[in-house]
Amino acid sequence: ALFSLFKEDAKMVKTVVIDARAHMLGRLASIVAKQILLGYHVVVCRAEQLTLSGGLVRQKMKYERFLRKRMLTNPQHGPIHFRAPSRIFWRTVRGMVPHKTARGEAALERMKVFEGVPAPYDKVKRMVVPDALQPLRLQKGHKFCQLGDLSTSVGWKHQNTMKELEEKRKVKSTAFFEAKRRMIALRSKAIAQVEAGKA
């Protein structure tokens with residue numbers, strides 16, 4: 001649904017910026033994987049607010065089973081167990097892409113994933129993907145947890161830092177939006193005065 005408008009004119013948008021807040025992890029990953037394989041550049045922000053179905057205790061048990069999977073003779077050879085939400089999402093998308101081919105490797109390079117909303121994407125319009133939104137896709141009453149909480153429970157150490165940065169960003173974005181709204185009002189008023197003068 002989000003990318004249907006790009007099918008009409010692929011040159012219209014070079015980079016799609018997605019706000020991952022309240023999106024289902026797997027559903028969003030599958031959509032992003034398809035689009036980067038088609039050639040779109042995708043940026044995913046606020047990965048720590050992605051949603052997983054199932055409670056935090058259940059998800060933590062699943063992730064701890066994954067952490068026990070390692071190479072016996074030299075664990076440094078892999079598998080690599082990421083703790084940061086952005087890297088967990090990146091690894092999920094990688095599993096949906098033929099990353100060992102040149103086509104898949106190039107597709108992964110077209111995707112960027114961040115915790116929070118870093119510059120310059122804080123000044124860019126961010127989109128949502130209705131097909132992956134948790135309120136629309138998860139049945140009412142089902143348990144869910146946030147990826148940031150899961151990451152913190154398995155060793156990610158920057159959740160509090162990200163919350164502080166997000167609060168500062170929201171204050172700045174609110175001031176920016178108010179200034180922009182005042183400018184639009186002044187512009188429309190000036191245009192109305194000019195048209196009235198011509199009449």
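**Charged pairs and cysteines in a predicted model**

Glu166 is buried in this predicted model, with a relative accessible area of 6%.

User: Which residues are joined with Glu166 into one network by salt bridges that share partners?

Analyst: Glu166 forms a salt bridge with Arg169, and the closest N and O atoms of this pair are 2.9 Å apart. Because Glu166 and Arg169 lie three residues apart in helix α8 (residues 159-198), about one helical turn separates them. Salt bridges that share partners extend this pairing into one network, in which Glu166 is joined with Asp19, Arg46 and Arg169.

User: Is Arg169 buried or exposed?

Analyst: The cut-off for a buried residue is a relative accessible area under 20%. Since the relative accessibility of Arg169 is 11%, this residue counts as buried.

User: How many disulfides does the count come to?

Analyst: Cys45 is buried at a relative accessible area of 0%, and Cys145 is likewise buried, at 6%. A disulfide requires a pair of cysteine sulfur atoms within 2.5 Å. By this rule the number of disulfides comes to zero.

User: Which residues gather in the patch of positive charge on the surface?

Analyst: Arg68, one of the members of this patch, is placed in the loop between α3 (56-67) and α4 (85-94). With a relative accessibility of 60%, Arg68 counts as exposed, because the cut-off for that class is over 50%. The residues that gather in the patch are Arg58, Lys62, Arg65, Arg68 and Lys69.

Definitions and conventions. Residues are numbered from 1 along each chain as its sequence is written. This is a predicted model: local features need pLDDT of at least 70, side-chain atom pairs count only at pLDDT 80 or more; totals for chains, interfaces and linings use all residues. Side-chain values use heavy atoms; hydrogens and water are left out. Patches are made of residues with over 30% relative accessible area and no salt bridge: like charges are joined within 9 Å, nonpolar side chains (Val, Leu, Ile, Met, Phe, Trp, Tyr) within 5 Å. Accessible areas come from the Shrake-Rupley method with a 1.4 Å probe; for residues, only the protein chains shown count as cover. A salt bridge is a side-chain nitrogen of Lys or Arg within 4 Å of a carboxyl oxygen of Asp or Glu. Lys and Arg count as positive and Asp and Glu as negative; His and the chain ends are not counted. The place of a charge is taken as NZ of Lys, CZ of Arg, CG of Asp or CD of Glu. Helices (H or I, at least four residues) and strands (E, at least two) are DSSP runs, numbered from the N terminus. Buried means under 20% relative accessible area, exposed over 50%, partly exposed in between (1.4 Å probe, protein chains only).
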